[in-house]
Amino acid sequence: GFPGSGEFEILIGGRGSASIRIDAEQLDIDRFVPAGFSAFTSNDKLGIAGFASYLAPGQDARDVRIKVSAGELRFNGVRAFDVAFDVSSGARGLNLQVIEIGEVGGARLEASGVILDAGQGLDGSIGLSIEAGNPVGLLRLFGLLPAGPDPHWAMALGATSLDGEIKVRNAGGSPHASLSLRGKSGEFEVDGRATIDQTGGGNQMIATLDLSAPTSGGLIRLIGREPATADTAPARANMTITGDGGAGLQTEIHIQAFGSRLDYSGKLATDGWILSDGKVSVGSTDVSPMLAALAIPATTLGSRLTFDASVESRGGALAFSSLSASLGDTKISGDLLASRDGEVKGALAANRLDLAGILSASLLDWSSSAGGMEASLAQALPFGLSGKLDLKVGELVVDPSLVLVDAPVSLVSDISGIRFSMSGRDERQRDVKLSLLSGEGEAGRSLSGHIELPVDLSRQLMTIDLRPVITGMGRIVLDFEGEGR
């Protein structure tokens, strides 16, 4: 139970009615429903939105009065203080006397309004105001965040001030509801709009969210990274979702930042809030500002980027299939599977790559400002990724005189460290093998490996007038290990 008092009354006859009053010092709903409630579910009668639908006024709606006052509310794993909720609803309309949350994780919410049926259908509005130093607690309280750790985008939101309005009117004999929300969160200007129309098949929703900022760095924070460079490139993100939620919401996402563009068209699965069954594309005429902000080392491959892939959800992971990408003149294709915990599995093919570039990207710490011999070995793959990538390279350049054909390359990152291996032969049938392991060492990082390289002896031993002393092919076979940073 809970310390406090309450009343519950229900009438079955006619349209029926229900009256609930709770006055508590502490109301712990998590004790009874530890799994919590999501805002939306595939069943539109469940979740917080489903509960709200029971309060929707209508000709046959039961009379409902709910009045809750709690010094502390525990719900969806969040503690909210000074909570008041007073609403009555029925055939004549809805009267929201107040929704007030005095404090939840540094956020405050107030809402009130009246929606009535005066014989011409429903008409009215509800106003709301949100002030938050950090809105994460409020988002989780209302079931707008998935279970588990707070997502990066939510943690990156800053001080928030939003004003909104919900309007309801009769349209063609059916209720039509609209929501507008404007204000600022962190460095983003926020403009959100949504409409919900009640049809014979359920509730049809159209929602649009626009975010804009004077710089692009804030978008990097939304994915859990701190921008490595300052920028002056404006950013804009737009999301439009439509549907009833039963089979996922049709979703369009467009992002412009650092002079680059990302587009997604597909579905947003309400069970887990993950993108699925769509297509994603990225394009840039100069990707270097974005790479610099992500602390990705400059590439010699070029600055023109294209990326296209089909996206689908597989057991909570995102599968990128029919992937086609290019960076400068380098072309990459294949399939990738990325899980929520950062594990990546993939089989890719590239037309031409430089071995030194692959080794640098795989083994060196991208966040290290030093270069050359002063660069540090990475403790893990960038962005906390793990897993395995298999890559087949049409032309793998060991040096200008040694280019391997159709060379297989494998990169594995797990608890033991980063393992790299490759092998292949060039058109003269000269074989090359290389395997490396970068792991935890007693004095920092340990590096061990095996290498086999062909040697043209005529180029190694020459007279002063550059005539070879010896001819033929030799081979270097070397096992090595060491420690350092």
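Glu72 is buried in the predicted model, its relative accessible area amounting to 9%. The side chain of Glu72 is engaged in a salt bridge with Arg74, with a separation of 2.7 Å between the closest N and O atoms. Arg74, by contrast, is partly exposed, at a relative accessible area of 28%. This pair belongs to a set of 21 salt bridges in the structure.

A buried acidic residue is also found in the salt bridge between Asp210 and Arg236, where the closest N and O atoms lie 3.5 Å apart. This contact connects distant parts of the chain: Asp210 is located in strand 11 (residues 202–213) and Arg236 in strand 12 (residues 235–243), with the two positions 26 residues apart in numbering. Asp210 is classed as buried because its relative accessibility of 12% falls under 20%. Arg236 has a relative accessibility of 46% and is therefore assigned to the partly exposed class, which lies between the buried and exposed limits.

In a further salt bridge, formed by the side chains of Arg314 and Glu312, the N to O distance is 3.1 Å. Arg314 is partly exposed at 44% relative accessibility, and Glu312 is likewise partly exposed, with a relative accessible area of 28%. Beyond individual pairs, Arg182, Asp191, Arg193, Asp210 and Arg236 are joined into one network through salt bridges that share partners. Within this network, Asp210 and Arg236 are the pair that links strand 11 with strand 12.

Technical notes:
Residues numbered from 1 in each chain as written. Predicted model: local features only at pLDDT ≥ 70, side-chain atom pairs only at ≥ 80, totals over all residues. Heavy atoms only, no water. Salt bridge = Lys/Arg side-chain N within 4 Å of Asp/Glu carboxyl O. Buried < 20%, exposed > 50% of the residue type's maximum accessible area, 1.4 Å probe, protein only. Helix = DSSP H or I, 4+ residues; strand = E, 2+ residues; numbered from the N terminus.
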